[in-house]
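Trainee: I would like a close look at a single part of this model. Please take one helix and then work outward from there.

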Amino acid sequence: MEKYNPYSLEGKTIFVTGASSGIGKCTAIEASKLGATLVITARDELRLQETFNSLEGKDSREHKLIIADLTNEAQMSALLENLPQIDGVVLCAGKGLTLPIQFASRDKFDDIFNVNFFAPVELLRLLFKKKKLNKESSAVLLASLGGTQIFSGGNGIYGASKAALNTVMKFAAKEFASRKVRVNSICPGMVDTPLIHRGTVSEEQLEEDKKRYPLGRYGRPEDIAYAAIYLLSDASSWVTGQSMILDGGISIR
Ligand SMILES: NC(=O)c1ccc[n+]([C@@H]2O[C@H](COP(=O)([O-])OP(=O)(O)OC[C@H]3O[C@@H](n4cnc5c(N)ncnc54)[C@H](OP(=O)(O)O)[C@@H]3O)[C@@H](O)[C@H]2O)c1
């Protein structure tokens, strides 16, 4: 007898962007453990191959790896051509920026918006329009707590890109409901991935910042992956148009 599990992804094909690192990598691996067939993408072939090698079920399922820069139109088209029909997508690819508004420029906005907003929106739009998303499938967008409120300094440009993403998410949820396709976003506080160690914030500042979290720590990639899995699974089949905040309590501090 099959084990009872309402969060199972058995029989579903799930597409994950940003799968070479952090939240996307963890989500892909965890989803494979719950029975999904994975299509993973990112730019860095070596790191993406590492994720691929860690997927479960390689003997019985046809996982797929596609290299693509999502800010490149031709590569985005090629990616869509090579993509099979999917039952769920987690749009994780993104980048961070901590920069006070007074030092902002149109170039800085473009750089962040191209990856964090235009790429996932274009992908979501084309997945629906080209009917790559099966009926009753689920799309999960990685936004940020910074797109809903000010919880750490210098995140104006980044936060704006995620706020814009959250808005499109709600409109898409309403429009895509005609095919029973659900669209939701996850808004994490700080999660310990390579992204937060790459910027201008020092390790000492990060250690100090962690102390502000009521639950006493930053998020782990798994904390976010499990929420994405809930949103991909049939357990959330009545949930659409929602932003799920996961933040160790920082927003109720
Ligand atoms: N970590 C946090 O504290 C936090 C908090 C809130 C929200 N988020 C959001 O969560 C998502 C995942 O972040 P993370 O922390 O896991 O970051 P990460 O470890 O830096 O991973 C980012 C991923 O995005 C991919 N990527 C970046 N630019 C790309 C491009 N032009 N084309 C294709 N792929 C691209 C990277 O792959 P390649 O370099 O191989 O292309 C990588 O796999 C992001 O959208 C981020 O904004 C993170």
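Which residues of helix α2 (residues 45-54) are buried?

Mentor: A caution before the details: this is a predicted model. The buried residues of α2 are L48, T51 and F52. Seen down the helix axis, these residues fall within an arc of 100 degrees, so they line one face of α2. The general geometry fits that picture. An α-helix has 3.6 residues a turn, so residues three or four places apart point the same way. On the other side of α2, L46 and N53 are exposed.

Next, the cover. What lies over the buried residues of α2 includes α1, β2 (37-42) and β3 (64-67).

Take β2 and look at one of its residues. I40 is found in strand β2. I40 is buried, with 29 other C-beta atoms within 10 Å. Leaving out residues up to four places away in sequence, I40 touches V16, A19, A28, L48, T51, F52 and L65. Among these contacts are L48, T51 and F52, the buried residues of α2. I40 also has a C-alpha separation of 8.1 Å from H63, with the two residues 23 apart in sequence.

Now the remaining residues of α2 that deserve a look. E45 lies in this helix. E45 counts as exposed because it has 12 C-beta neighbours inside 10 Å, and the limit for exposed is 12 or fewer. The C-alpha atoms of E45 and S20 are separated by 8.1 Å, although the two residues are 25 apart along the chain.

R47 lies in α2 too. R47 counts as partly exposed, because 15 C-beta neighbours lie inside 10 Å. Not counting residues up to four places away in sequence, R47 touches S20, S21 and A42. S20 therefore turns up twice: R47 touches S20, and the C-alpha atoms of E45 and S20 are 8.1 Å apart. For a distant partner, take K180. R47 and K180 are 133 residues apart along the chain, and their C-alpha atoms are separated by 34 Å.

After the helix comes a loop. G57 is found in the loop between α2 and β3. G57 is partly exposed, with 15 other C-beta atoms within 10 Å. Between the C-alpha atoms of G57 and R220, 163 residues apart along the chain, the separation is 24 Å.

Move to the ligand. The shell around the ligand holds 30 residues, and the closest are G18, G22, R43, D44 and G94. The elements that give two or more residues to this shell are α1 (22-33), α4 (106-129) and α6 (194-198). By class, the shell has 14 nonpolar, eleven polar and five charged residues. Here α1 links two parts of the picture: α1 is among the elements that cover the buried residues of α2, and α1 gives two or more residues to the ligand shell.

Then the core. In soluble globular proteins, nonpolar side chains tend to be buried together. The largest nonpolar core in this model has 58 residues. Those with the most contacts inside it are I14, V16, L38, L91, V140 and A228. The largest share of this core, seven residues, comes from helix α8 (residues 221-232). V16 ties back to β2, for I40 touches V16. Another of the six, L91, touches T17, P120, L123, L124, V140, L141 and L142, not counting residues up to four places away in sequence.

Two backbone points are worth a check. Phi of K131 is near 55 degrees, a positive value in a residue other than glycine. K131 lies in the loop between α4 and β5 (133-142). With 10 C-beta neighbours inside 10 Å, K131 counts as exposed. Phi of K180 is near 60 degrees, again a positive value in a residue other than glycine. K180 is placed in the loop between α5 (156-176) and β6 (182-188). K180 counts as partly exposed, with 13 C-beta neighbours inside 10 Å.

Last, the setting of α2. The protein comes to eight helices and seven strands. Its radius of gyration is 17 Å, close to the 18 Å that the globule rule gives for 253 residues, so the protein is as compact as a globular protein of that length. The C-alpha trace spans about 55 × 40 × 40 Å along its principal axes. Buried residues make up 42% of the 253 residues. Among contacts between residues at least 6 apart in sequence, 74% join residues at least 24 apart.

Definitions and conventions. Residues are numbered from 1 along each chain as its sequence is written. This is a predicted model: local features need pLDDT of at least 70, side-chain atom pairs count only at pLDDT 80 or more; totals for chains, interfaces and linings use all residues. A nonpolar core is a set of buried Ala, Val, Leu, Ile, Met, Phe, Trp, Tyr and Cys residues joined through C-beta atoms within 7 Å. A residue is buried if 20 or more other C-beta atoms lie within 10 Å of its own, exposed if 12 or fewer, and partly exposed in between; C-beta atoms are placed from the backbone. Helices (H or I, at least four residues) and strands (E, at least two) are DSSP runs, numbered from the N terminus. Two residues are in contact if their C-beta atoms, placed from the backbone, lie within 7 Å. A residue is near a molecule or strand if its C-beta atom, placed from the backbone, lies within 6 Å of it. Ala, Val, Leu, Ile, Met, Phe, Trp, Tyr, Cys and Pro count as nonpolar, Asp, Glu, Lys and Arg as charged, and the others, Gly among them, as polar. The radius of gyration is taken over C-alpha atoms; the globule rule is 2.2 Å times the number of residues to the power 0.38. The arc is that of the directions from the helix axis to the C-beta atoms.
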